[in-house]
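Let's take a friendly walk through a molecular structure together. Have the picture open, and turn it as you read.

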Amino acid sequence: MAADFVIEGLKANIEGKEILKGINLQMKGGEIHAIMGPNGTGKSTLASALMGHPKYEVTEGTAVLDGEDLLEMAVDERARAGLFLAMQYPSEIAGVTNSDFLRSAINSRREEGKEISLIRFIRQMEAKMKELEMNPEFLHRYLNEGFSGGEKKRNEILQMMMLDPKIVILDEIDSGLDIDALKIVAEGVNAMRSPERGFLVITHYQRLLNYIKPDYVHVMMQGRIVKSGGPELAERLEAEGYEWVKEELGIEDETVGQEV
Amino acid sequence: MTTQTILPVDAERLSELSLSGGEPGWLKDSRLQALALAAELELPKLEKTRIDRWNVNNYGSYKAAKLLTALNEAPSAIAALIKDQEDGSLIIQHNSGVVYTRLAPELAAQGVIFTDLQTAAKEHGDLVQRYLHKAVLPGEHSIAALHAALWNGGVFLYVPKNVVIDTPLQAVLLTDDAEASFVPHILVVADTNSSVTYVDNYVSDKAEAGLHNGAVEVFVGAGAKVRYATVHQLGEDTTDVTYRRAVVENDGTIEWIVGEMNYGDTASDTKSVLKGNGSSSDAKVIAVGSGSQKLNYTTQAQHFGKNTPSDMITRAVMRESANSIINGITKIEKGATRADGQQTEKVLMLSPKARGDANPILLIDEDDVTAGHAASVGQVNPEQVYYLMSRGITRHDAEKLIIYGFLAPVVSQIPLEGLRNQLQTLVERKLGQ
């Protein structure tokens, strides 16, 4: 069944300051939506609020995935309901190996007694790592510890591939990647495209969208989606920057919640 | 101010005990001198710990133990530890005395001695006398003095020159009678170029308050290698005070693996004296504190020899209202050129009432050395929990992964698989999972 994801009137605060001021967005399985916008306009906040980062307080709105409001759920329940966020800054956790971590994540989706067998798991993980051109030693490395920026991003994509989510949010997955790594990551994402799965790609560079072609493009400013369109919108933003959007909408300062 | 040491036994009774045990005269004298010292000495001074408020006087009195005729007669409290040990080298101490001793015949044939210390004092008097109380001195404080006066049972392990032993020798020490004194002394002597692994477990099974006053002395000869692993899992009512010390000659190696899994108040001090040139020490301590335990763990390395590396790692998890003071002392003496002393103490606290205090201390009297320390005290990082949960892992499992992950880098380095698994199980039990 194709995923159906509807965000309505989402408002969120960080430390009492409102960052998201009413986000509305609808997406279905098979679609790729890009959210673009300059720094400080609330893009990453949207990703974190949807996942349930403890620092963000959702004050209004709903985010309904296949009939269930994710915002009513704990972080782990959201993940098990099918949401996946590839993070901009993944945590490093010493002592927990990449494979132990991912096996726990997979088993959290399975009933007790029906855990994935170790051999099957390792085989799957090795195959996916090969696709991402990751050194097999990353299986036994501690989670993200000592990984380079690019290695962390690949590891995020690896997790996405292993967990088979319904809705994937990629939060600035392109930051810190050189062009070769970017291509590998994009290939990984494209390999996961399916009529069931939806993607929300957050970026402020059009570059990524050359490799992951969006169906819809949204521009975020001041904590809202201020403009939506097709792939041509991303191209125009790349060619002309964001100034014309600001002029068209009469926006002077596009940021939100920044210290003055 | 001086506090009067309460002597659990008088000189007359101590003499009687020594005589009735058939101990040699030098040992009786050694006990009596230590008892006299105990009366004059004060309790040890422990960093930020009021050991004077602990239950350190419940010695009980010597009670003769009944020998086991077969291993399957051993108390059930230690059954799991001695499973399948019929053919191994094993000593069991039950309260005040050793009740079972077995040395694998192939080791005996190579001249290895493995027996209780009281027997060794009779049968190998010269050897025992040369080493006994030479690393932990009775004059250090009243607890060491009382130990030297009262020790019972115990283990003597002697490995002759050039003998290399692959299988670990083991001891299990059980206290289940609060009225019986439990003061085992472990003495290990590894002669030149020998190699040995010794593993012991301290277990209690009783409800009344008791005390373990233990001392461990390890003498590592030139080029010898001793791996000493010890797991303390004494119950809530047993106070544990243990001094461990190794003296290492030229090119010798001591490796300590210490699992502090007690449920009662614990003070332990594990020290390597790197006497010879090229001698080295590696100490790993894993600790879990729970309930209202008061804990004071010290690891020390003292460098006299040149080219002497030492490494000390302590990782402790504190839950509920456990209170721990963790000290690491690296002392490099003048003349110990090219010594390298490293230490790390890390504490993870799982509750707002838990306390952990890490004190790294470097005392260096020589210029041509390298030394380093790292210490950290912290709580489970909420960002890490969020990250794990964002992949579908429950909060409980996420925290569990992080806690085990905190200990894993040290546990995974333990070279004995059985011990590694045992520690893992004890950690799980102490963490209530």
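The paragraphs below go from the place where two chains touch to some helices inside each chain. Keep in mind that this is a predicted model.

Start where chain A meets chain B. Chain A brings 21 residues to this contact, and chain B brings 21 residues as well. On the side of chain A that touches chain B, at least two residues come from each of α2 (75–81), β7 (93–97), α3 (98–107) and α5 (149–163). Sorted by class, that side of chain A holds 12 nonpolar, 6 polar and 3 charged residues.

One of those elements, α5(A), is worth following further, as it also meets other helices of chain A. Look for helix α6 of chain A, residues 179–191: its axis and that of α5(A) come within 10 Å and cross at roughly 10°. An angle under 35 degrees counts as roughly parallel, so that is how α5(A) and α6(A) lie to each other. From α5(A), the residues making the contact are A:G150, A:K153, A:R154, A:I157 and A:M161, while α6(A) offers A:A181, A:I184, A:V185, A:G188 and A:V189. The contact of these two helices is made up of 6 nonpolar, 2 polar and 2 charged residues. The spacing of such residues along a helix has a simple background: an α-helix has 3.6 residues a turn, so residues three or four places apart point the same way.

Now find helix α4 of chain A, residues 118–131. How do α4(A) and α5(A) lie to each other? Their axes come within 10 Å and cross at roughly 135°, and the two helices are therefore oblique to each other. Their crossing is right-handed. Here A:Q124, A:M125, A:K128 and A:M129 of α4(A) touch A:L158, A:M161 and A:M162 of α5(A). By class, this contact has 5 nonpolar, 1 polar and 1 charged residues.

Next, look at a helix that is mostly covered. Helix α1 of chain A spans residues 43–51, and 9 of its 9 residues are buried. Among them are A:L46, A:A47 and A:L50, and also A:K43. Just after α1(A) comes A:G52, with a positive phi of about 100°.

Chain B has a covered helix too. In α7 of chain B, residues 142–150, 9 of the 9 residues are buried, so the helix is largely enclosed by the rest of the structure. B:I143, B:L146 and B:H147 are among these buried residues. What covers them? The cover includes α1 (11–20), α2 (25–40), β8 (210–220) and β10 (238–248) of chain B.

Conventions: Residues numbered from 1 in each chain as written. Chains lettered and ligands numbered in written order. Predicted model: local features only at pLDDT ≥ 70, side-chain atom pairs only at ≥ 80, totals over all residues. Contact = placed C-beta atoms within 7 Å. Helix = DSSP H or I, 4+ residues; strand = E, 2+ residues; numbered from the N terminus. Nonpolar A, V, L, I, M, F, W, Y, C, P; charged D, E, K, R; others polar. Buried ≥ 20, exposed ≤ 12 C-beta atoms within 10 Å, placed from the backbone. Axes fitted to C-alpha atoms, helices over the stretch in contact; angles between N-to-C directions. Parallel < 35°, antiparallel > 145°, perpendicular 65-115°, else oblique. Left-handed = near helix turned anticlockwise from the far one by under 90°.
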